[in-house]
Amino acid sequence: MFSGKVAVVTGSTSGIGLGIASALARKGADVVLNGFGDAAEIERLRSHMEAEFGVRVVHDGADLSRGEAVRDMIARVVATLGRIDILLNNAGIQHTAPIEAFPVEKWDAILALNLSAVFHATAAALPHMQQQASGRIINIASVHGLVGSVNKSAYVAAKHGVVGFTKVTALENAGTGITANAICPGWVRTPLVEQQISALAAKEGTDQETAARALLAEKQPSLQFVTPEQLGEMVVFLASDAAAQITGTALPVDGGWTAR
């Protein structure tokens, strides 16, 4: 399906990003992984994906909290792999605290990675996609790009920003062969969410699985976690020719969270 195409997936050394990168590689795309972690484990993931799917897989360790580093990464991708067809902006961090107690440095870090990195990567990739007259920009926002939650001011602000930025990207490139869409997952059992489950378990004096069920019951009516594999298949669809007229959307994958 994507043979000869190049996909960049940020924050893809674990969790949602890794699931998406695997789905794209499975469909024949050459993939650029990005993210921090143990170098040996990242190399294991990279080489395994390359061998399993018979595609080119490279890792770029760019620090996406720095705009110049984001743009340099896109330039390296084009110089090394020759093109960029799919840009998947996924990298993100989280911190929770009431607004009046929210650390300024945490606010700045969340906005830099969760929102500004999306801008820089998109701005750097668009000229190459425009020259090709084709491209897919897919941003992993969050259900928090559509609704709010207490103690998550920076994350909610950033993800709402991603949804708005996606709409503008779509409008500016309508009719060019380039689409831009946001996926808005509910609870996915990633390392980031696992930390929140652990915090809830500690607060309530309960075990991890009981805390996980309580987390789901509060927001997600399906009482089931969204999986990285499901999000990967959603990305595959949005990157396909079948989705050529889907652009500027924010698509919830949230087990009914936003239906309430």
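Here is a quick tour of one helix, some salt bridges, one serine and the empty spaces in this structure. Keep in mind that the model is predicted. The structure holds 8 salt bridges, and its largest pocket takes up about 820 Å³. There is also 1 cavity of 30 Å³ or more.

**Helix 3 and what it packs against**

- Let's start with a length check on helix 3, which covers residues 67-81. At 1.5 Å a residue, its 15 residues should span 21 Å, and the C-alpha atoms at its two ends are indeed 21 Å apart, so the model agrees with the expected value.
- Which residues of helix 3 are buried? They are Gly67, Ala69, Val70, Met73, Ile74, Val77, Val78 and Leu81.
- Those buried residues have plenty of company: they pack against strand 1 (6-9), strand 2 (30-34), strand 3 (57-60) and strand 4 (86-89), as well as helix 4 (104-132).
- Right after helix 3 comes Gly82, which takes a positive phi of about 95°.

**Salt bridges that link distant parts of the chain**

- Arg56 and Asp30 join their side chains in a salt bridge, with 2.9 Å from N to O. This pair ties together distant parts of the chain, 26 residues apart: Arg56 sits in the loop between helix 2 (39-53) and strand 3, while Asp30 belongs to strand 2.
- Are these two partners buried or exposed? Asp30 has a relative accessible area of 8%, so it counts as buried, being under 20%. Arg56 has 38% relative accessibility, so it counts as partly exposed.
- Arg189 and Glu209 form another salt bridge, at 2.8 Å from N to O. Here too the pair links distant parts of the chain, with their positions 20 residues apart: Arg189 is in the loop between strand 6 (178-185) and helix 6 (191-204), and Glu209 is in helix 7 (residues 208-219).
- Arg189 is partly exposed at 30% relative accessibility, and Glu209 is partly exposed as well, with a relative accessible area of 39%.

**Salt bridges closer to home**

- Arg44 and Glu41 meet through their side chains in a salt bridge of 2.9 Å, N to O. Both lie in helix 2, 3 residues apart, which is about one turn of the helix.
- Why does that spacing work for a pair in a helix? An α-helix has 3.6 residues a turn, so residues three or four places apart point the same way.
- Both partners are partly exposed: Arg44 has a relative accessible area of 44%, and Glu41 has 34%.
- Salt bridges can also join up, as Glu43, Arg46 and Glu50 do in a network.

**A look at Ser22**

- Ser22 is found in helix 1 (residues 15-26). With 18% relative accessibility, it counts as buried, because the cut-off is under 20%.
- What does Ser22 touch, leaving aside residues up to four places away in sequence? Its contacts are Met49 and Phe53.

**The enclosed cavity**

- The largest cavity holds about 50 Å³ of space.
- Its lining is made up of Thr10, Leu64, Val70, Asn89, Asn90, Ala91, Leu113, Ala117, Val118 and Ala121. Val70 is also one of the buried residues of helix 3.
- Helix 4 gives the largest share of that lining, 4 residues.
- By class, the cavity lining has 7 nonpolar and 3 polar residues, and no charged ones.

**The two largest pockets**

- The largest pocket is lined by 38 residues, and Asn90, Ala91, Gly92, Ile93 and Leu192 lie nearest its centre. Asn90 and Ala91 also appear in the lining of the largest cavity.
- Helix 1, helix 5 (153-172) and helix 6 each supply at least two residues of the largest pocket's lining, and helix 6 has the largest share, with 5 residues.
- That lining divides into 18 nonpolar, 17 polar and 3 charged residues.
- The second largest pocket has a volume of about 540 Å³. It is lined by 19 residues, with Thr96, Val150, Lys152, Gln196 and Leu215 nearest its centre.
- Which helix gives the most to the lining of the second largest pocket? Helix 6 does, with 6 residues, and helix 7 supplies at least two.
- The lining of the second largest pocket has 7 nonpolar, 8 polar and 4 charged residues.

Key. Residues are numbered from 1 along each chain as its sequence is written. This is a predicted model: local features need pLDDT of at least 70, side-chain atom pairs count only at pLDDT 80 or more; totals for chains, interfaces and linings use all residues. Side-chain values use heavy atoms; hydrogens and water are left out. The expected span of a helix is 1.5 Å times one less than its number of residues. Buried means under 20% relative accessible area, exposed over 50%, partly exposed in between (1.4 Å probe, protein chains only). Contact means heavy atoms within 4.5 Å. On a 1 Å grid over the protein atoms alone, a cavity is a set of points where a 1.4 Å probe fits but cannot get out, and a pocket is an open set with protein on both sides within 12 Å along at least five of seven lines; lining residues have an atom within 4 Å of a point. Grid points are joined across faces, edges and corners, and a volume is the space filled by probe spheres set on the points. Ala, Val, Leu, Ile, Met, Phe, Trp, Tyr, Cys and Pro count as nonpolar, Asp, Glu, Lys and Arg as charged, and the others, Gly among them, as polar. A salt bridge is a side-chain nitrogen of Lys or Arg within 4 Å of a carboxyl oxygen of Asp or Glu.
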